[in-house]
Each structure stands twice: as C-alpha cells, then as structure tokens.
Amino acid sequence: MLRAAIRRTAAAARPQARRTLSAEASITVDFPGAYTAHLGDEPAATAETNKTELLEYFKTMYTMRRMEITCDNEYKARTIRGFCHLYDGQEAIGTGVQAALSPEDSWITSYRCHCIALARGGTVEGVLAELMGQSHGQTGGKGGSMHFYNKEHNFFGGQGIVGAQVPVGTGLAFANKYKTPLGEPMPVAIGCYGDGAANQGQIWESMNMAALWKLPMIFCIENNQYGMGTSISRSSCNNDYYTMGNVIPGLKMARCRAKTKIHAIDATSACSLLTGLFPHRTA
Ligand SMILES: Cc1ncc(C[n+]2csc(CCOP(=O)(O)OP(=O)(O)O)c2C)c(N)n1
Ligand SMILES: [Mg+2]
C-alpha cells in the first residue's frame with residue numbers, strides 16, 4: 001500500500017500535480033540517510049524541485065508557524081476557549097503530505113488539525129475565526145480546535161478521540177477503491193496519528209483490513225516522542241513505529257539536512273517534507 005502510493009506519487013502520473021507544471025530550472029536535493037524501509041525498498045534519497053516550489057513550501061510552513069504562535073498567544077489571553085492543540089514543529093509533515101497528495105485524495109487526522117485545515121483549502125482567517133467560535137469560522141464556529149473539516153477539499157477532520165481517525169480513514173480508502181472504475185486512477189487515503197495512538201487495537205484492526213482488502217491507505221505516524229507528556233520509551237515496547245505493520249511496508253522518514261547540487265543549505269524546509277520525528281509536543 002505505502003509502496004504503491006509512493007510509486008504512484010513518484011510517477012507523477014496525474015496531470016494536475018503542481019510539480020509537473022513548472023518550467024523553471026530544476027534543483028536536485030539530496031537527503032542521504034533520510035529513509036529506513038521495512039518490508040520494502042527505500043525510495044531514492046533525492047528529489048527534483050525548483051525555486052518556486054521550495055518558496056511555496058517555506059511560505060506554507062512559515063504561515064503555519066505564525067498562525068500557531070498566534071493561536072498560542074490568543075489561547076493564553078483566553079480569546080480562544082476550550083481546546084487548542086498546536087502543530088508548531090510539525091509543519092513539515094502537513095506541508096509535505098499536501099505536496100504529495102492530489103486534491104481528490106482523502107486526508108484525515110487527529111485533533112492536532114489547524115494546519116492541516118489550512119493546507120487543505122483553508123485560510124488563516126477561517127482557522128482563527130473557528131477557534132474563536134465565530135460563525136464565519138471554517139466550520140461555522142461550531143467545531144473549534146479539534147473538529148476542522150472540509151469535504152470539498154477531501155479533508156475529513158479533525159478527530160478528538162485518539163486513534164479514531166484511523167479506522168475512519170481506512171473506510172475512506174475503502175470508499176476510494178469501491179468508487180473507482182476499473183482502470184482509472186484511484187485516490188488514496190491518508191490517516192495521520194500520533195505515537196501515543198500507534199499501539200491502539202483499532203489501528204491493528206484497520207491495518208489488517210487495509211492489507212487484506214488491498215486498500216489505498218497510508219498510515220502516517222507523526223512521532224513527536226510524547227503522548228500527553230509520556231515519552232515513547234515509557235509507552236511503547238517498539239519505538240521503531242515504521243516496523244509495526246507485520247505485512248504492511250513501512251518507511252521511517254528521519255529529520256535530516258539536505259544538500260542541493262548547487263550549494264549546501266540547511267534545507268529543512270525542503271527535505272523534511274518527509275520527516276517523521278519531531279521535538280517534544282504535548283496536548
Ligand atoms: C481515546 C482517548 N483517550 C485519551 C484521550 C486524551 N488524550 C488527548 S491527546 C492524548 C495523547 C495522544 O498522544 P499522541 O497520539 O502521541 O498525539 P500527540 O498529541 O502527541 O500529537 C490523549 C491520551 C483522548 N482524546 N482519546
Ligand atoms: Mg505524540
């Protein structure tokens with residue numbers, strides 16, 4: 001599944017993929033040691049991109065960071081009430097996933113969803129208004145921090161129950177397969193969840209069904225090393241989460257520094273599109 005999805009993305013078969021449209025000079029980015037594979041081959045540790053794309057990724061991540069810092073401040077000022085789960089430090093994942101997905105692919109995530117809502121067709125205004133309970137918020141001011149949703153852009157939330165998005169995401173993958181006529185490109189589904197959710201029973205049940213029925217499902221673990229202040233070493237007997245699928249190929253995407261063929265840069269903004277390990281984050 002994961003391997004097939006990556007192969008499909010790499011092939012850039014679909015004409016609407018933005019990266020195929022640019023006629024700009026290509027930049028080759030190397031990120032050695034970024035991947036470790038389980039039950040499959042590692043993809044090439046190099047990517048073709050260009051200045052426009054890189055700037056776009058940086059702008060997205062920078063906007064996310066500024067938005068989350070504002071949310072943080074407003075939460076502390078009590079203009080945002082209720083829950084507020086921030087995504088700062090993890091922006092590269094959302095940005096990278098969005099860059100790899102097609103608009104028709106389905107995306108579902110945890111309560112840590114402000115920036116995914118932004119990436120998946122939202123606006124900063126819509127996110128902030130939602131958090132402040134305004135009717136012009138992205139989900140009418142009724143969802144709040146944990147329940148962003150955007151059906152038009154195939155974003156299915158925003159789930160408050162840890163891990164609950166994974167079986168629902170597997171259902172989205174099933175629907176994508178069921179509804180795709182034979183021979184036509186099949187949208188994938190991606191379910192993002194944390195290290196704290198990774199050992200739940202419903203994850204294993206979902207993986208079993210996804211593997212059994214060969215669903216176009218990507219299980220994406222955002223390992224920020226903590227679940228509500230409990231470190232992964234105290235909650236999981238296996239900290240190599242990418243090896244957890246007993247028949248599902250896994251890929252660890254490590255934090256890395258990239259080098260372009262032009263000059264050496266600290267290109268976290270480019271290469272950590274595929275990063276899987278992040279600094280401490282608690283709810
Ligand atoms: C079923 C369930 N149990 C407990 C909680 C309370 N809770 C909220 S966040 C969280 C930690 C989850 O950690 P992780 O999956 O690593 O995600 P992160 O917050 O680090 O992104 C817990 C236990 C919940 N929301 N749902
Ligand atoms: Mg975590």
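Gln 225 sits in the loop between β6 (217-222) and β7, and in this predicted model it is partly exposed, because 17 other C-beta atoms lie within 10 Å, short of the 20 or more that would make a residue buried. Its backbone catches the eye: Gln 225 is not a glycine, yet its phi is positive, at about 75°. Most residues other than glycine have a negative phi. Leu 39 does much the same thing, with a positive phi of about 60° despite not being a glycine. That residue is found in the loop between β2 (35-38) and β3 (46-49), and Leu 39 also counts as partly exposed, since 15 C-beta neighbours fall inside 10 Å.

Stepping back to the whole chain, the protein has nine helices and 10 strands. Of its 283 residues, 41% count as buried. Contacts often reach a long way along the chain: taking those between residues at least 6 apart in sequence, 68% join residues at least 24 apart.

Helix α2 (residues 51-76) packs against two partners described here, α5 and α3. With helix α5 (residues 124-131), the axes come within 11 Å and cross at roughly 20°. The two helices are therefore roughly parallel to each other, as the angle is under 35 degrees. On the α2 side, Thr 63, Met 67, Thr 70 and Cys 71 make the contact, while α5 brings in Val 124, Val 127, Leu 128 and Leu 131. Sorted by class, that contact holds six nonpolar and two polar residues, with no charged ones. As for handedness, α2 passes α5 in a right-handed crossing.

The arrangement with helix α3 (residues 91-100) has an angle of about 140°, and here the axes are 9 Å apart. That makes α2 oblique to α3, given that roughly antiparallel would take an angle over 145. The crossing of this pair is right-handed too. From α2 come Tyr 57, Thr 60, Met 61, Met 64 and Arg 65, which meet Glu 91, Ala 92, Gly 94, Thr 95 and Ala 99 of α3. The class split for this contact is five nonpolar, three polar and two charged.

Helix α3 itself is mostly covered, with nine of its 10 residues buried. Among the buried ones are Glu 91, Ala 92, Gly 94 and Thr 95, each of which also meets α2. Ile 93, Gly 96, Val 97, Gln 98 and Ala 100 are on the buried list as well.

Gly 169, in helix α6 (residues 165-179), offers another view of the interior. It counts as buried because it has 29 C-beta neighbours inside 10 Å, where 20 or more is enough. Leaving aside residues up to four places away in sequence, Gly 169 touches Ile 108, Ala 189, Ile 190, Gly 191 and Met 217. One of these, Ile 190, is 21 residues from Gly 169 in sequence but 6.5 Å away in space, C-alpha to C-alpha.

Finally, there is the ligand site. Ligand 1 is surrounded by 16 residues, the closest being Val 162, Gly 194, Gly 196, Ala 197 and Gly 227. The elements giving two or more residues to this shell are β5 (189-194) and β7 (226-227). By class, the shell around ligand 1 comprises seven nonpolar, six polar and three charged residues.

Terms used
Residues numbered from 1 in each chain as written. Chains lettered and ligands numbered in written order. Predicted model: local features only at pLDDT ≥ 70, side-chain atom pairs only at ≥ 80, totals over all residues. Axes fitted to C-alpha atoms, helices over the stretch in contact; angles between N-to-C directions. Helix = DSSP H or I, 4+ residues; strand = E, 2+ residues; numbered from the N terminus. Parallel < 35°, antiparallel > 145°, perpendicular 65-115°, else oblique. Left-handed = near helix turned anticlockwise from the far one by under 90°. Contact = placed C-beta atoms within 7 Å. Nonpolar A, V, L, I, M, F, W, Y, C, P; charged D, E, K, R; others polar. Near = placed C-beta within 6 Å. Buried ≥ 20, exposed ≤ 12 C-beta atoms within 10 Å, placed from the backbone.
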